[in-house]
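Here is a short walk through some side-chain contacts and one helix. Have a look at the model first, then read on.

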Amino acid sequence: DDPYTECREWFWQTLGEDDVYPKAFLEHLMQMVDDIDSGKVKVYPMDEDFMNRLKELTKDVELD
């Protein structure tokens, strides 16, 4: 019934429940960032006009 004890026990019980990504996945993301920063990969911004055009092109597409 002690709030401190209850909080502490909840913390320790749920500690391992967080989502953890595999090391290989995180390394892949870091490589993608490095490639973008170095200019190896060219990126194109998706501005509001592009997003509106994309929505217009896909408005009749049904998702399963």
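## Aromatic pairs

At 39% relative accessibility, F11 is partly exposed, on a scale where buried means under 20% relative accessible area, exposed over 50%, and partly exposed in between (1.4 Å probe, protein chains only). A word on the source: this is a predicted model, in which local features need pLDDT of at least 70, side-chain atom pairs count only at pLDDT 80 or more, and totals for chains, interfaces and linings use all residues. Residues are numbered from 1 along each chain as its sequence is written, and side-chain values use heavy atoms, with hydrogens and water left out.

The structure has two aromatic pairs. In F11 and W12 the arrangement is edge-to-face, with 5.0 Å centre to centre and 75° between the planes. W12 is exposed, at 56% relative accessible area. Y21 and F25 make a tilted pair, at 5.4 Å centre to centre and 35° between the planes. Here Y21 counts as exposed at 53% relative accessibility, while F25 is partly exposed at 36%. For the record, rings of Phe, Tyr and Trp (its six-membered ring) pair if their centres lie within 6.5 Å; planes under 30 degrees apart are stacked, over 60 edge-to-face, and the rest tilted.

## Salt bridges

How many salt bridges does the structure hold? There are two, a salt bridge being a side-chain nitrogen of Lys or Arg within 4 Å of a carboxyl oxygen of Asp or Glu.

| Salt bridge | Closest N to O |
|---|---|
| E27 and K23 | 3.4 Å |
| E56 and K59 | 2.9 Å |

E27 and K23 are four residues apart in helix α2, so about one helical turn separates them. E27 is partly exposed, with a relative accessible area of 44%, and K23 is exposed at 62%. As for the other bridge, E56 is partly exposed at 42% and K59 is exposed at 53%.

## Helix α2 and D35

Helices here are DSSP runs (H or I, at least four residues), numbered from the N terminus. Does the length of α2 come out as expected or not? The expected span is 1.5 Å times one less than the number of residues, so the 16 residues of helix α2 (residues 23-38) should span 22 Å, and the end C-alpha atoms are indeed 22 Å apart. After α2 comes G39, with a positive phi near 90°.

D35 sits in helix α2. Which side chain of opposite charge is nearest to D35? That would be K40, 4.1 Å away, and D35 is buried yet has no salt bridge. Charges are assigned simply: Lys and Arg count as positive, Asp and Glu as negative, and His and the chain ends are not counted. D35 does have a polar contact, at 2.8 Å, with the side chain of Q31. A polar contact is a pair of N or O atoms within 3.5 Å; within protein, one must be able to donate a hydrogen and the other to accept it, and residues adjacent in sequence count only if both atoms are side-chain atoms. Leaving aside residues up to four places away in sequence, D35 touches K40 and V41, where contact means heavy atoms within 4.5 Å.

## T14 in helix α1

T14 belongs to helix α1 (residues 3-14) and is buried, with a relative accessible area of 18%. A polar atom of the T14 side chain lies 2.9 Å from the backbone oxygen of W10. From T14 to K59 the separation is 45 residues in sequence and 42 Å in space, C-alpha to C-alpha.

Notes. Helix = DSSP H or I, 4+ residues; strand = E, 2+ residues; numbered from the N terminus.
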